[in-house]
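Thanks for coming, everyone. Let me put the chain up on the screen, and then I'll talk you through a few spots.

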Amino acid sequence: MNKRIVTGIAAALLYVFPALAGEDAPAPMIINVADRSSVSLDGQWKYLVDQYGIGYYNYRLVPLSDQESFFADKSFDDDRTQLVEYGFNRADDIAVPGDWNTQFEKLYYYEGKVWYQLRFQASPRPDKRYFIYFGAVNHTAVVAVNGKKLARHEGGFTPFNIEVTGQLKNGENSLVVMVDNTRNKDGIPTNNSDWWNYGGITRSVKLLEMPQTFIRDYSVLLNKDNRIFGHVALDGANAGKQKVSISIPELNISLNLRTGKDGKASFETAASPELWSPESPKLYDLQISSAEDSTCDRVGFRTIECDGDRILLNGKQIFLRGVSIHEESIAPVGRITRPEQNLELLEYAKDLGCNFVRLAHYPHNEEMVRMCEEMGLLVWSEIPVYWTISWTNEATYRNAIQQLEEMITRDINRANIIIWSVANETPVSEERTRFLAGLISRAREMDPTRLVSAAMEKTILSKNRYTVNDPLLKYTDLISFNQYTGWYGSRSEACDSTVWEFPMKKPVFISEFGAGALYGNHGPRTERFTEEYMADCYQRNIRMMMERMPGFSGTSPWILKDFRSPRRALNGIQDDFNRKGVISDVGKKKMAYFVLKDWYSKLKERK
Ligand code: GCB
């Protein structure tokens with residue numbers, strides 16, 4: 001199409017939808033932000049609840065201009081002769097990071113728009129670039145600085161950063177974020193899930209100060225031929241044809257590279273690092289430098305592959321003794337906002353004897369992944385492509401790809417992540433398989449060093465005979481699936497006579513099994529929601545998987561802790577909680593906890 005026509009159409013669209021202006025995608029992701037020069041913007045912000053979107057649209061639902069919208073950060077108190085029907089100065093405080101649902105009783109069930117505002121001090125230097133980094137905002141964020149809308153991000157569990165170079169003032173600055181956690185049938189996740197839709201700026205916010213040309217991202221990975229390889233990407237006017245160096249002093253690695261025109265340099269070098277493993281989570285200091293920038297990280301090296309129906313870590317067979325975890329704190333229950341809350345969960349996982357955790361159903365905070373790495377816990381990391389996604393919607397697919405890319409970019413250097421998962425329990429159809437195959441292929445393109453899979457579902461063959469008959473198996477490394485024998489659709493005893501057979505020789509990973517119980521509710525083992533039923537169901541499942549599941553290579557039972565879910569309406573037992581935790585929401589161990597722990601300790605001894 002003629003350029004003039006395209007520009008004309010774009011201008012017309014901006015006229016009709018002025019809000020589209022300034023709602024571009026954020027800047028490319030900057031990784032390892034903990035090591036960058038930054039000022040924390042965490043703390044008490046102001047908030048206004050906006051159920052009808054009055055700060056964003058007029059009454060005809062036409063988006064307001066920046067000046068008319070709440071992005072302008074005006075106040076009635078600035079000039080009381082004017083009609084301004086808001087003012088963040090009159091608003092209540094809200095903690096960032098934090099979900100709004102558990103901070104205010106009135107917002108417990110709220111889903112919709114909430115405006116966040118912060119006034120912060122800055123003294124921008126002309127030789128630096130500035131970015132506002134958000135660890136995560138659930139689900140959509142539109143960000144404005146000093147009254148100017150700059151970007152929109154969709155996806156509640158991955159970081160993004162917005163360039164504000166040239167937008168900051170010396171002294172006080174206004175930052176306004178419209179946060180919207182409205183569920184949507186075309187979203188990732190979609191309308192329907194089984195966890196609490198915690199809204200808000202749920203992870204930390206920072207103002208990053210970067211050199212004009214800086215190190216944006218890098219990868220340092222081990223391939224199967226014992227060679228360390230990866231890339232460094234610079235960002236800035238002088239990114240092309242620049243020197244960059246990578247060093248890992250303990251391995252005597254010191255490489256001098258030059259970026260290409262695109263600002264990227266790749267490398268590969270021979271090495272014999274001590275390998276990272278759950279028993280010995282060895283990490284090395286890494287330093288990357290360019291003319292203007294440098295950053296340090298800690299990285300580990302390992303290989304992960306499948307050989308027939310076995311999973312090999314560093315060339316040796318491994319059984320994944322896992323547990324699934326939601327990113328929700330032990331009481332007081334809410335979205336995790338502090339590292340200690342991660343640790344509290346992981347200490348239970350270690351006590352259970354786990355060498356693996358499934359971080360469900362979305363990418364968890366970066367500290368969580370790093371903590372697992374330090375503690376020797378392997379990780380399955382997934383994006384929230386969950387249940388009934390709009391498979392044929394192009395925008396939905398683009399958002400899934402975006403969330404996948406953000407997850408992989410952020411965590412590419414974490415040795416403990418061994419599986420990228422692209423979906424959970426998605427009903428089989430041609431469109432869905434095409435969609436997921438696209439995600440798998442993108443994951444492999446970005447990262448050839450990990451397994452890629454999805455949590456699939458079982459298929460019945462005949463009474464008590466099951467398989468996994470999913471066309472996606474052609475693309476995944478694992479036969480990974482959720483199965484609830486003894487809970488959904490059957491009673492515990494069903495495990496005793498259930499047999500499994502699989503259409504191909506790949507490792508079988510049970511990404512979920514489990515049963516529910518209210519902690520302290522004791523009774524006959526035949527009665528649902530008693531600890532006895534749950535423990536019995538665990539015991540029988542374990543026996544079934546060990547004895548009648550060829551290729552059984554690991555599991556992450558559902559789930560470590562009781563978690564909030566609006567799907568759970570059985571008062572007196574569920575009270576808005578999915579009760580499948582082996583510990584309760586306050587951290588009490590149920591009988592099933594000890595069944596699992598006992599099994600894992602026997603598996604460890606057997607090795
Ligand atoms: C599943 C889902 C998980 C649910 C669980 C349950 O299969 O993957 O998100 O919470 O079942 O408890 O029903």
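I'll go through two helix pairs, then a couple of single residues, then some backbone oddities.

Housekeeping: this is a predicted model, so local features need pLDDT of at least 70 and side-chain atom pairs count only at pLDDT 80 or more, while totals for chains, interfaces and linings use all residues. Numbering runs from 1 along each chain as its sequence is written, and side-chain values use heavy atoms, with hydrogens and water left out.

Okay, helices. When I say helix or strand I mean DSSP runs, H or I of at least four residues for helices and E of at least two for strands, numbered from the N terminus. Look at H7, residues 531–548, and H8, residues 591–606: their axes sit 7 Å apart, at an angle of about 25 degrees. Those axes are lines fitted to C-alpha atoms over the stretch in contact, with angles from 0 to 180 degrees between N-to-C directions. So H7 and H8 are roughly parallel; the cut-offs are under 35 degrees for that, over 145 for roughly antiparallel, 65 to 115 for roughly perpendicular, and oblique for the rest. The crossing of H7 and H8 is right-handed, meaning the near helix is turned clockwise from the far one by less than a right angle.

Who touches whom? Contact here is heavy atoms within 4.5 Å. From H7 we have, among them, Met534, Tyr538, Ile542 and Met545, and from H8 the residues include Val595, Leu596, Trp599 and Leu603. By class, the contact of H7 with H8 has 12 nonpolar, 1 polar and 3 charged residues. For the record, nonpolar is Ala, Val, Leu, Ile, Met, Phe, Trp, Tyr, Cys and Pro, charged is Asp, Glu, Lys and Arg, and polar is the others, Gly among them.

Keep Trp599 in mind, please. Over in strand S33, residues 552–555, sits Thr555, and its contacts beyond four places in sequence include Trp599, Tyr600, Phe509 and Phe513. Is Thr555 buried or exposed? Buried, with a relative accessible area of 0%; buried means under 20%, exposed over 50%, partly exposed in between, using a 1.4 Å probe and protein chains only. The Thr555 side chain also reaches the backbone oxygen of Ile510 at 2.8 Å.

Second helix pair: H2, residues 339–352, and H3, residues 366–375, cross at roughly 40 degrees, and their axes come within 10 Å. That makes H2 and H3 oblique to each other. Leu343 and Leu346 of H2 are among the residues in the contact, as are Met368 and Met371 of H3. H3 is mostly covered, with 7 of its 10 residues buried, and Gly376, right after H3, has a positive phi near 80 degrees.

Now the backbone oddities. Most residues other than glycine have a negative phi, and most peptide bonds are trans. Asn32, however, has a positive phi of about 60 degrees and is buried at 5%. Asn464 has one of about 65 degrees, and at 21% Asn464 counts as partly exposed.

There are cis peptide bonds too: Ile188 to Pro189, with omega about 0 degrees, and Ala331 to Pro332, with omega near 0 degrees. Pro332 lies in the loop between strand S23 and H2, which takes us back to that second pair.

Note on methods: A polar contact is a pair of N or O atoms within 3.5 Å; within protein, one must be able to donate a hydrogen and the other to accept it, and residues adjacent in sequence count only if both atoms are side-chain atoms.
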